[in-house]
Amino acid sequence: MTQERPEPTRRALLAGLAGLALPAVPGARALAAGPASVATRPIPASGERIPVIGMGTSRTFNVGDDPGLRDARTEVLRVFFEAGGGMIDSSPMYGSSEAVIGYGLERLGMQETLFSATKVWIRSQAEGVEQMAESRRLWGLPRFDLMQIHNLVSWERHLETLRRDKAEGRARYIGITTSHGRRHRELEEIMAREPLDFVQLSYNVLDREVERRLLPLAAERGIAVIVNRPFRRGALFERIGDAPLPGWAAEVDCENWAQILLKFILSHPAVTCAIPATRQVAHMRENMGAQIGRMPDESLRKRMAAAVEAL
Amino acid sequence: MILYEREVYLSLLARYNEALWPAQLLALLLGLLALGLLWRPRRGGDRLVAALLAVAWIWVGAGFFLRQMASIDYAAPLFGWLFVLQGLLLAWRGLLAGRLGGKPGCKLGGSASPAATRIGLGLAAFALLAMPPLAWLLGQPWPALPVFGLTPGATAVFTLGLLVAARGRARWLLAAVPIAWCLLGGFLAWELALPAAYPLPLAGLLGLAALFLTGRRPA
């Protein structure tokens, strides 16, 4: 079943209307002040800094040709960039998502902070080259900031292409992805021996297996980490329901559960950015608030995990 | 895992039906004609019904899956070609060989047991007449409704109903894809929260049971 996230509170909505209100917590105040104060993390391979909250587009941006839905997603993009958003991650696997991103970027104009990330998802190496060219066309970009190999599909062959593309300027960084917690052993072997700029994996307050080997290995090898499924595709919100925010939420400038869940992820030192997906402007504002204000320390991380586990 | 959301599917279905209007009325009339032939078999009726079903499956494969759904679902081309293949099978067995069920020239309905005819007629009538209003009553907005001959679920159940009422081993060959789609369609409906399509697996299993039970009778 489709998991729904609760509608934001009136207070959160008001806080999200940047500049129209002066909310009571530092996170929202900073968001209202504009994107200059958002948290960024360096990409270990270059030192270039990117905002810690990006945006996933699986499902949420796969709206086909419907003009109304495309315009609604463009509005989500607009709010994302207004709040200082950087990385947008997609894949040819996500149906029309890349075309819808391209539609939005064309209407909004190319954004300075955009960090474009997509994937190659096909078995054949030759067809992979064509697929990546098609992705550039759909996004309306001459090159991608990051090109990844989707779920390790034909990774040895595509890695050859990606290295060549990086050398020839069709991609600035290269990486490899996994999701759902699958094929971690194989990913670990690849990370240990192949030069990669990025890896993408699933990590959230309840699915923490990557803390044991993959995240430490990424830190050791200087590989940037993108975290997908930070909300378990919405299932965490179903679990949380209408549980009140814990008292300690204010200690890390969190106004809602989305920000608690995201700050838990971002407070791991090996994580570079998280890419929550949403189709709603209000949820985008909540998500973007997680890149503002204080981050939890180890002791608070434990309390966060315990609080969600107890629900 | 489904990579599109309920509202996107319904929007696509609505625009698809809008673009095809009034083909829905023609599909309804042709479906009623097929039901009439099931109820009161006529000479040559098998071939006509087989031709109708073949066109319906090929249209759903090409028009719905390959043309519409492929933009949001990477699995749609696979489903599309499967539906086209099913249409070709129906054309081959029913139209060219004149054997929708068993022996050449066998009549729909009259050649199976009365119980099988009733079950088959019930399934086909459900697909043709009940599925669209049921979907509307359960919250799918007009025109995002299932239609025999244009959308996969109603087409699969309708076809299964006619096959249950036919006779012979060829029914199993022709019923495989409709039954498989009923099961898969039920899963997709559950994932997308479309309660009107929840009966699909039940229809598939009922059709399977009816095929099995009537298949044991001497031909």
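Trainee: How many aromatic pairs does the structure hold over all chains, and how is such a pair read?

Mentor: A pair of aromatic rings is described by two quantities, the distance between the centres and the angle between the planes. Over all chains of this predicted model there are 20 aromatic pairs, where rings of Phe, Tyr and Trp (its six-membered ring) pair if their centres lie within 6.5 Å, with planes under 30 degrees apart counted as stacked, over 60 as edge-to-face and the rest as tilted. One of them joins F83(B) and W181(B), which are edge-to-face at 5.4 Å centre to centre with 85° between the planes. This pair links distant parts of the chain, since F83(B) sits in helix α4 (residues 76-96) of chain B and W181(B) in helix α7 of chain B, 98 residues apart; helices (H or I, at least four residues) and strands (E, at least two) are DSSP runs, numbered from the N terminus.

Trainee: Which conventions apply to these names and values?

Mentor: Residues are numbered from 1 along each chain as its sequence is written, while chains are lettered from A and ligands numbered from 1 in the order in which they are written. Because this is a predicted model, local features need pLDDT of at least 70 and side-chain atom pairs count only at pLDDT 80 or more, whereas totals for chains, interfaces and linings use all residues, and side-chain values use heavy atoms, with hydrogens and water left out.

Trainee: How much area do chain B and chain A bury between them?

Mentor: The size of an interface is often given as the accessible area lost when the parts come together. Here chain B and chain A bury about 1,700 Å² between them, 52% of it on carbon and sulfur atoms (the accessible area, with a 1.4 Å probe, that two parts lose on being put together, summed over both). M1(B), L3(B) and E5(B) supply 35% of the area that chain B buries against chain A, more than any other three residues. The contact, meaning heavy atoms within 4.5 Å, takes 16 residues from chain B and 21 residues from chain A.

Trainee: How many salt bridges are there between chain B and chain A, and which elements of chain B touch chain A?

Mentor: The count is 3 salt bridges, each a side-chain nitrogen of Lys or Arg within 4 Å of a carboxyl oxygen of Asp or Glu; among them, the side chains of R73(A) and E7(B) meet at 3.0 Å, N to O. On the side of chain B that touches chain A, the elements giving two or more residues are α1 (6-20) and α7 (170-192) of chain B, and α1(B) gives the most, with 4 residues.

Trainee: Where are the cis peptide bonds, and which residue that is not a glycine has a positive phi?

Mentor: A cis peptide bond joins W21(B) and P22(B), with omega about 10°, and P22(B) lies in the loop between α1 and α2 (23-39) of chain B. The bond from W142(B) to P143(B) is also cis, with omega near 5°, and P143(B) is placed in the loop between α5 (114-137) and α6 (152-164) of chain B. In chain A, S154(A) has a positive phi of about 45°, and its place is the loop between β6 (144-149) and α6 (155-167) of chain A.

Trainee: Where does pLDDT stay under 50?

Mentor: Where pLDDT is low, the predicted coordinates should not be read in detail. This score, the predictor's confidence in each residue from 0 to 100, stays under 50 over residues 9-34 of chain A, for which the model has 32 contacts beyond four places in sequence, and over residues 102-107 of chain B, which have 13 such contacts. The mean pLDDT of chain A is 90, with 88% of its residues at 70 or more, chain B averages 89, with 89% of the residues scoring at least 70, and the model scores ipTM 0.83 and pTM 0.87.
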